[in-house]
Amino acid sequence: MPPETAVAGIILLAVTAYAILAGADFGAGIWEFNTALRAPKRERELIYHAIGPVWEANHVWLIFVLVGLWTAFPAAYAAISRALWIPLLFALVGIVFRGVGFAFRSYAAGAVRQQAVWGAVFALASIAAPFFLGAAAGAVASGRLAVGEGGTYDGNFVTGWVNAMSLYAAVFGVGICAYLAAVYLTREAKMTRDRALEESWRSRALTTGAYMGVLAGTGLALAATEIPALADGFRERAWPLVILSVASGAASLVLLTLRRYTTAAIAAAGAVAAVIWGWGVAQYPALVPPAVTVENAKAPAAVLRAMLWAIAAGGVVLVPSLAYLFYLFKGKRPRETDETGSTAGGDER
Amino acid sequence: MDPSITTATGFTPLLAARLQMALTLGFHIVLACLGIGLPLLLVVAEGRFLRTRDELWRTLARRWSRAFAVLFAVGAVSGTVLSFELGLLWPKFMGTFGSVIGLPFTLEGFAFFLEGIFVGIYLYSWDRLPPRAHWLTGIPIAVAGFASAWFVVTTNAWMNTPRGFTLENGVVTEADPIRAMLNPAAGAQTVHMIVAAYLVAGFLVAGAYAVERLRGRDTPYARRAMALGLVMALVAAPVQIVVGDWAAKVVAHTQPVKFAAMEGQFRTEARAPLRLGGIPDEEAGRTRFALEIPGGLSWLAYGDVDAVVQGLDAVPEDDRPPVAIVHLAFQVMVALGTAFVALGLWSLAAYVRRRALPSRRAFLLAVAASGPLSVLALEAGWVVTEVGRQPWIAQGIMRTRDAVTEAPGIGWVFAGSMLIYTILLAGTAVVLRLLARHPLPRGLPGEPSGPRAGGGTHAA
């Protein structure tokens, strides 16, 4: 495999990790809206408990994607930055306020009004970030950005990303986050041994899952009619991933019904991963279609090789650390009532 | 769009983009320093607890860990802003050189990853892990913070001394990422920045508790917290003088124009004087009102009082940075650095005589002031390296005005950013204040029992 293909694959892997991990953190924030209005306190505590220890690590996948893109494919990074600067800026504002909203909400223990304000900021920003990131991804997938080989952009800064495919992807992005969060939180709710909590998350997951199935079907139809190049890619290469995605998504619903929550979570994540890989494989070798490709945007070979070595070396440290983090906080064991984000500041009372 | 056209917001796109970068980087750099320095303080405090079983140490570490959690979250998002902005504001620069400086950024990505992972573990496993294991999970945070800073600053050093690439018709055709990372400015600049981080973090912590003590809450908790921060800062201060001298010598050799601006040296001359203070007059081409030490600059830069120092006159006006800002910022940084060493000598003298830090009002006031002043020194240093490099984004290779985005409306982005960063700053201050007001646990040695009344400081 040429080094540029390997690096492109690793970047797509990081995009996938960001979607199925950080996406669920955004989703938890989206559900904050629903739970804020009518749910008992323990539902919101579950949200804070679930994402507190992991959201910062999950967020780093995005940094990894950005750095990987500008290092390995600088022209692609420049093209996206130029063409999609407005949605990226909005997504960035969402990312900023999601992070600080969550942190301030967690650590403003005791100040009720402040917690309410920061909680609302957290919820709104959690919607904005995946919405605008989705819109940017949709604009890339639409293949209509007037980018040049060297990473230039001659198109309009608004119409480039305000179109059917972009708006669809924006909504789909928010939907993915909400679905993943609901499935993961059902699993976490079961660990609290609170039956009512488990049931309410389970029904949310099932409902969202059904909506997502419809939405995904719409997306395929949209891609087939609106984006011929992408549709060809799906027909020629990426069709097994479409089948995998549909099967995983359906399986996640069945498993939820059967109360097999850990496997349901894996299936739901698999469905999302298959969508992302389907998109990637279908548009390969284009990075920002039509003009910017893996071949014409790639960095000099020495850079790509150095990057692969750096990733290999970094992975040796990263993988066990990440495994330890998830083992500690997401492992299968009954929840203890220790200090967590939602009650941080409370241990000395 | 022509970058020199003034937009509706009154800024040229270039000025708006530079202000935007200055605002967001100037904000992040303070949080980055705390992200490097605070974990070390946490590890030391918790380590002291493990050794002495003195609950006061544990209380310190545990309360600081929450302040750190808030600051780390703000730092993580303000750092993310920068990763986006590099492309959004300087697409030509990133599109051309992104690959050359990508290796250290990739490695930094891993360091940040480790930091994020272990911050999660450290903050949420106080009661989940045995004490010793918990302490151990703090160490990767401190190490990763250090490593992050090193990698990121090598890329800024690369902008000062670009190496390791072949440019043909504006496209990088070959690159040597290792050589780019280990560019001539990297060593001095990274060490200078990391020492600054320990200095700033130490002074901010010590300053906050000095304020608390000045307000009459002279508890053993506040005394120990102040002492711990102060020791870190005061050890860093003299080291910084030596490192700063090294960094200045590197600038003299690699960026003589920046060096001339720092020193207000307009004419190329032998036996150049060292100027203390002074106001550079760019029209007249001389620095007025400075206290001059004959031959001092030649000696400092090249170790020979008769050495020739290149002046600003060696390059066309178009290639010179704004001299007055650079010279002033440099003078501020050097003066403050010297004052910090003096504060260290004062502390040391008192400690040698009485085995304790001074606790009189004048000393506490000096420590309280050192917090914001260390931030001022930090920002001044950053101004020296960034403004001093102008008009280049990559010294001698690409001009800043050629790298800036063509997108309209950057002035509005800047206005919006000012609002957002004001909210971030206010939110951080309010939450830290809430944490600081949280009562200390009962029964600490020397503490009055029962919760204390309100009134807060900016420290946890």
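**Exercise 1. Helix contact within chain B**

Task: In this predicted model, which residues of α1(B) and α14(B) meet, and how do the two helices pack?

Solution.
- Step 1. List the residues on each side. From α1(B) come B:Pro13, B:Ala16, B:Ala17, B:Leu19, B:Gln20, B:Leu23, B:Thr24 and B:Phe27, and they meet B:Ile410, B:Gly411, B:Val413, B:Phe414, B:Ser417, B:Met418, B:Tyr421, B:Leu424 and B:Leu425 of α14(B).
- Step 2. Sort them by class. The contact of α1(B) with α14(B) has 13 nonpolar and 4 polar residues, and no charged residues.
- Step 3. Take the geometry. Helix α1 of chain B covers residues 13-52 and helix α14 of chain B covers residues 410-437; their axes come within 9 Å and cross at roughly 15°.
- Step 4. Classify the angle. Angles under 35 degrees count as roughly parallel, and α1(B) is therefore roughly parallel to α14(B).
- Step 5. Give the handedness. The crossing in which α1(B) passes α14(B) is left-handed.

**Exercise 2. Helix contact between chains**

Task: How are α12(A) and α4(B) oriented to each other, and what classes of residue make up their contact?

Solution.
- Step 1. Locate the helices. Helix α12 of chain A spans residues 301-330, and helix α4 of chain B spans residues 102-124.
- Step 2. Read off distance and angle. The two axes come within 10 Å and cross at roughly 10°.
- Step 3. Classify. That angle makes α12(A) roughly parallel to α4(B).
- Step 4. Count by class. The contact of α12(A) with α4(B) holds 20 nonpolar and 5 polar residues, with no charged residues.

**Exercise 3. Two consecutive helices and the loop that joins them**

Task: Are α9(A) and α10(A) roughly parallel or roughly antiparallel, and what is the phi of A:Arg259?

Solution.
- Step 1. Take the packing values. α9(A) and α10(A) have axes 8 Å apart and pack at an angle of about 170°.
- Step 2. Apply the cut-off. Angles over 145 degrees count as roughly antiparallel, and so α9(A) and α10(A) are roughly antiparallel to each other.
- Step 3. Describe the contact. By class, α9(A) and α10(A) meet through 19 nonpolar, 9 polar and 1 charged residues.
- Step 4. Turn to the loop. A:Arg259 is placed between α9 (228-257) and α10 of chain A.
- Step 5. Check the backbone. A:Arg259 has phi near 65°, a positive value in a residue other than glycine.
- Step 6. Check exposure. A relative accessible area of 29% makes A:Arg259 partly exposed.

**Exercise 4. Backbone exceptions**

Task: Where are the cis peptide bonds from A:Tyr284 to A:Pro285 and from A:Pro289 to A:Pro290, and is B:Phe289 buried or exposed?

Solution.
- Step 1. Recall the background. Most residues other than glycine have a negative phi, and most peptide bonds are trans.
- Step 2. Place the cis bond to A:Pro285. Omega is near 5° for the bond from A:Tyr284 to A:Pro285, and A:Pro285 lies in the loop between α10 (261-283) and β1 (286-288) of chain A.
- Step 3. Place the cis bond to A:Pro290. Omega is near 5° from A:Pro289 to A:Pro290, and A:Pro290 sits in the loop between β1 and β2 (292-293) of chain A.
- Step 4. Examine B:Phe289. Phi of B:Phe289 is near 60°, which is positive in a residue other than glycine.
- Step 5. Place B:Phe289 and judge its exposure. B:Phe289 lies in the loop between β6 (286-288) and β7 (291-293) of chain B, and counts as exposed because its relative accessible area is 69%.

**Exercise 5. Surroundings of two residues**

Task: Which residues does A:Leu69 contact, and which does B:Gly311 contact, leaving aside neighbours within four places in sequence?

Solution.
- Step 1. Place A:Leu69. A:Leu69 is in helix α3 (residues 55-72) of chain A and is buried, at 15% relative accessibility.
- Step 2. List its contacts. Beyond four places in sequence, A:Leu69 contacts A:Ile11, A:Pro74, A:Tyr77 and A:Ile80.
- Step 3. Compare sequence and space. A:His59 is 10 residues from A:Leu69 in sequence and 16 Å from it in space, C-alpha to C-alpha.
- Step 4. Place B:Gly311. B:Gly311 belongs to the loop between β8 (308-309) and α11 (323-354) of chain B and is buried, at 0% relative accessibility.
- Step 5. List its contacts. Beyond four places in sequence, B:Gly311 contacts B:Ala260, B:Gln265, B:Phe266, B:Arg267 and B:Thr268.
- Step 6. Compare sequence and space. B:Ala261 is 50 residues from B:Gly311 along the chain, with 8.2 Å between their C-alpha atoms.

Terms used: Residues are numbered from 1 along each chain as its sequence is written. Chains are lettered from A and ligands numbered from 1 in the order in which they are written. This is a predicted model: local features need pLDDT of at least 70, side-chain atom pairs count only at pLDDT 80 or more; totals for chains, interfaces and linings use all residues. Side-chain values use heavy atoms; hydrogens and water are left out. Axes are lines fitted to C-alpha atoms, for helices over the stretch in contact, and angles run from 0 to 180 degrees between N-to-C directions. Helices (H or I, at least four residues) and strands (E, at least two) are DSSP runs, numbered from the N terminus. Angles under 35 degrees count as roughly parallel, over 145 as roughly antiparallel, 65 to 115 as roughly perpendicular and the rest as oblique. A crossing is left-handed if the near helix is turned anticlockwise from the far one by less than a right angle, and right-handed if clockwise. Contact means heavy atoms within 4.5 Å. Ala, Val, Leu, Ile, Met, Phe, Trp, Tyr, Cys and Pro count as nonpolar, Asp, Glu, Lys and Arg as charged, and the others, Gly among them, as polar. Buried means under 20% relative accessible area, exposed over 50%, partly exposed in between (1.4 Å probe, protein chains only).
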